[in-house]
Amino acid sequence: MTDIAVDPVVLDADLAESWDAVIDWLRSLDDEVFDAETPLPGWRVRDLVTHLGLSMRVLANAEPADPADGTTQRHDLCSYLAAYSADADGIREATRTGEDDTADPVTLAEERGAAALATLARLRREGVTRVLTRRGVIDLTTLVLTRLVEVVVHGDDLARSAHVPTPVDPTARTTVAQAFLSMVNRRSGYDLEVGDERTWIRLAAGRIGWDQRGGALRSGNLAEGLPDLREWLPVVG
């Protein structure tokens with residue numbers, strides 16, 4: 001089970017639709033945009049496109065987990081996403097290694113995404129529920145949710161870089177916003193609600209600071225104000 005109530009069929013469809021929307025949007029951009037800087041220091045648009053493709057390759061390479069394996073690390077949504085910041089250098093190096101400046105980055109990303117979605121469909125048909133990835137064992141639906149996180153967060157990064165409205169589907173954005181909220185509620189023990197999804201996702205992903213939170217969140221108890229959550233943010237880097 002994932003950290004939030006989610007229908008795997010709907011989640012899989014959201015990932016496929018959001019991925020296709022981002023690819024179509026990227027194909028509409030002018031060539032010079034791909035060398036523009038992004039909200040991530042040192043990352044160009046083309047770097048993020050490569051990273052998105054590689055993030056989908058994680059799903060493409062997922063294999064059914066061995067139920068008898070009791071030694072490989074098990075992940076839930078929180079631990080999987082938390083591992084990103086600890087492996088920031090590795091992620092950046094993998095992106096550099098995965099880039100090909102002579103090729104169209106969008107075409108490469110599209111191919112990697114297509115392979116991921118094909119693998120997902122096959123695993124679902126085979127009734128696989130837990131898979132093995134480079135980071136360890138994780139519920140397949142939770143892994144799909146982490147891929148949706150990548151598409152939503154970086155889709156917003158790309159839109160901010162190109163100064164063009166985000167291609168992210170509102171349903172997918174809601175799912176990711178609620179997943180991030182579940183993580184913070186569980187970590188902090190507070191009862192919080194999302195106020196502004198886009199701002200909340202940027203805050204939770206470390207794209208903006210606590211002093212820029214605006215109406216991102218509100219307390220679930222109207223008698224209480226919003227607590228200081230800096231201790232538990234960001235949830236993913």
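So, burial to begin with: of the 237 residues in the protein chain, 51% come out as buried. Keep in mind that this is a predicted model. The accessible surface of the chain is about 11,100 Å², and carbon and sulfur atoms hold 49% of that. As for contacts, if you take those with a separation of 6 or more, 73% are between residues 24 or more positions apart.

Okay, the layout. We've got 8 helices and 6 strands in the protein chain. Reading from the N terminus, the order goes α-α-β-β-α-α-α-β-β-α-α-β-α-β.

Let me spend a bit of time on α1, residues 8–27. With 20 residues at 1.5 Å each, you'd expect a span of 28 Å, and the end C-alpha atoms sit 29 Å apart, so that agrees. At the N-terminal end there's a cap from D7, where a side-chain oxygen is 2.9 Å from the backbone nitrogen of V9.

Now, which residues of α1 are buried? That would be L11, D12, D14, L15, S18, W19, V22, I23, W25 and L26. Around the axis they take up an arc of only 165°, and therefore they lie on the same side of α1. Flip to the other side of the helix and you find V9 and D24 exposed. So V9 turns up twice here: its backbone nitrogen takes the cap from D7, and the residue itself is exposed. And what do the buried residues of α1 pack against? Four helices: α2 (45–60), α5 (105–125), α6 (140–162) and α7 (170–188).

One of those partners, α7, is worth a look too. It has 19 residues, which at 1.5 Å apiece should span 27 Å, and the end C-alpha atoms are indeed 27 Å apart, so the numbers agree. At its start, D169 puts a side-chain oxygen within 2.9 Å of the backbone nitrogen of T171. Then, just after the helix, G189 has a positive phi of about 85°.

Last bit, the sheet. It's open, with 4 strands in the order β1-β3-β4-β2, and the pairing is mixed. β1 (63–64) and β2 (74–75) are at the edges with a single partner strand each, so each has one side with no neighbour in the sheet. In between, β3 (residues 130–133) and β4 (residues 136–139) run antiparallel and are joined by 4 bridges. If you want to find that pairing on screen, go to R130, whose bridge partner in β4 is D139.

Technical notes: Residues are numbered from 1 along each chain as its sequence is written. This is a predicted model: local features need pLDDT of at least 70, side-chain atom pairs count only at pLDDT 80 or more; totals for chains, interfaces and linings use all residues. Side-chain values use heavy atoms; hydrogens and water are left out. Helices (H or I, at least four residues) and strands (E, at least two) are DSSP runs, numbered from the N terminus. The expected span of a helix is 1.5 Å times one less than its number of residues. Buried means under 20% relative accessible area, exposed over 50%, partly exposed in between (1.4 Å probe, protein chains only). The arc is that of the directions from the helix axis to the C-beta atoms. Contact means heavy atoms within 4.5 Å. A polar contact is a pair of N or O atoms within 3.5 Å; within protein, one must be able to donate a hydrogen and the other to accept it, and residues adjacent in sequence count only if both atoms are side-chain atoms. Two strands pair if DSSP finds at least two bridges between them. Accessible areas come from the Shrake-Rupley method with a 1.4 Å probe; for residues, only the protein chains shown count as cover.
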